[in-house]
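Please read this briefing alongside the sequence and the 3D view. The points below are grouped by topic.

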Amino acid sequence: RPWPRVMSASVRSFATATSGRGGDDGDHSMVSKSRGAKSTRTANTFGSVQDKSAYEEAGDYHDIPWWDTDFLEPPPEERRFGKTQGGEKDRYSPAHPLWPTLAHYVVMSFCVRNIVRALEKAVTSRTSGGEKIGASCVRAMNVSQLRELADLQMLRAKKEAGALPMRRVNNWPKTPPQGEFPKYKHVTHVPSEESPLRMALAHVALTGRDALNMLKFREKWQKRARLRLKMVENVSWWRTGKPLSLVRSELIRAETKANSRAKKTGDAPPQSVFGTENEFAALMPTTHDRRETIRVDLHENMSGEAMLMHPEELEDKFLELIKHQLTRMDVHLASVRYHINLGIDYDARGKILDKGMFEGRLCQMCAIM
């Protein structure tokens, strides 16, 4: 089916005509120039909680290292959610995607990954230059430099996303049953006009501010990504069937529970399906929405056909990447504090420098040589 000329409200709210063109330099037919988004705060997606933008903080934050501020480490009361924790409840529902299109997922996941990698390299690298913090190998980086780094990595992420090959996606899959997946909405894929195997990026209005907000409120975004990933996996299994290993384990678990109940009531144990003629049928996954195929040019596929992937089969990969990079950010912050507090520095061979304090040890209670 041809792509509709009318844009949905959720996609149109993120569309701008001036940012994030990446691999799609031409004006995309779906992008409305007159109704571009003025705000691209990722935390305000689909009616979720509006976060305070740490990107606009100024003042003394620009003169001291960012890990000594709450720029990427909010106070505990802001990190907690729910009435029992005394924080503000997150109104995000996993039935809705974090962003309306796959391009948003790709750009944001790549940007967060690039920022974490750059911080790991710039802060602890011996060749990055800059003033050291105390006797440690950690280089000082203030908030102003961090903001510049985020903007630079966002531009790099959009360039990488524009060059990323993408498989064809079915934007009109079957609607899952509302009883099992109430109000579920799948993510949308916007292909480039130049090539159907590339993404259009003209409607992606994300900035470095959005990536820094995600890193600051990473606990909340970890929870959102985890809930959405669970929902996406269940919908994907409903469409194409559960993995055979999962079907087998669920069948074994069901028979184990049935045997346990029969033992308690004194009844005869039910007959196992394994080893019978019905084993093959019982282990077959149930499919409700098979992948469709379309005719393509022979230079794209020698068979002249291409299979359309379900949106969930691509969305889950970038959700996993976001979760992983947010975890790496926590590890990096812990490593920075560890190196600063113990004054750890390395020589050219990567060995910890001997401070001459406790016979080569950093401290009496530390096992690190």
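Buried means under 20% relative accessible area, exposed means over 50%, and partly exposed is in between (1.4 Å probe, protein chains only). By that rule Phe110 is buried, at 9% relative accessibility. The model is predicted: local features need pLDDT of at least 70, side-chain atom pairs count only at pLDDT 80 or more, and totals for chains, interfaces and linings use all residues. Residues are numbered from 1 along each chain as its sequence is written, and side-chain values use heavy atoms, with hydrogens and water left out.

**Confidence**

- The mean pLDDT (the predictor's confidence in each residue, from 0 to 100) of the chain is 77, and 73% of the residues score at least 70.
- Among the elements of the chain, helix α6 (residues 218–240) has the highest mean pLDDT, 94, and helix α1 (residues 9–12) the lowest, 36. Helices (H or I, at least four residues) and strands (E, at least two) are DSSP runs, numbered from the N terminus.
- The pLDDT is below 50 over residues 1–54, a stretch with 132 contacts beyond near neighbours in sequence; a contact means heavy atoms within 4.5 Å.
- Residues 357–361 also have pLDDT below 50, with eleven contacts beyond near neighbours in sequence.
- Where pLDDT is low, the predicted coordinates should not be read in detail.

**Aromatic pairs and charges over rings**

- The whole structure holds three aromatic pairs. Rings of Phe, Tyr and Trp (its six-membered ring) pair if their centres lie within 6.5 Å; planes under 30 degrees apart count as stacked, over 60 as edge-to-face and the rest as tilted.
- Trp99 and Trp221 are stacked, with centres 5.7 Å apart and 5 degrees between the planes. Trp99 is in the loop between α2 (76–79) and α3 (102–124), and Trp221 is in helix α6, 122 residues apart.
- Trp99 is buried at 0% relative accessible area, and Trp221 is buried at 1%.
- Phe110 and Phe318 pair edge-to-face, 6.4 Å centre to centre and 65 degrees between the planes. This pair joins helix α3 to helix α9 (residues 312–342) across 208 residues. Phe318 is buried, at 10%.
- Ring pairs also link Tyr105 with Trp99 and Trp221 in a cluster.
- The charged end of Arg224 sits over the ring of Trp221, 4.6 Å from its centre. Such a charge has NZ of Lys or CZ of Arg within 6 Å of the ring centre and within 35 degrees of the ring normal.
- Lys220 lies over the face of Phe217, 5.3 Å from the ring centre.

**Salt bridges**

- Ten salt bridges are counted, each a side-chain nitrogen of Lys or Arg within 4 Å of a carboxyl oxygen of Asp or Glu.
- Glu315 in helix α9 and Arg228 in helix α6 are 87 residues apart; their salt bridge is 2.8 Å, N to O. Glu315 and Arg228 are each buried at 0%.
- Arg239 and Glu312 form a salt bridge at 3.1 Å. Arg239 lies in helix α6 and Glu312 in helix α9, so the pair ties together parts 73 residues apart in sequence. Arg239 and Glu312 are each buried at 1%.
- Salt bridges with shared partners join Arg113, Arg156 and Glu160 into one network. Within it, Arg156 and Glu160 meet at 3.1 Å, N to O.
- Arg156 and Glu160 are about one helical turn apart because they are four residues apart in helix α4. Arg156 is partly exposed at 44%, and Glu160 is partly exposed at 23%.

**Helix α5**

- Nine of the nine residues of α5 are buried, among them Arg209, Asp210 and Lys216.
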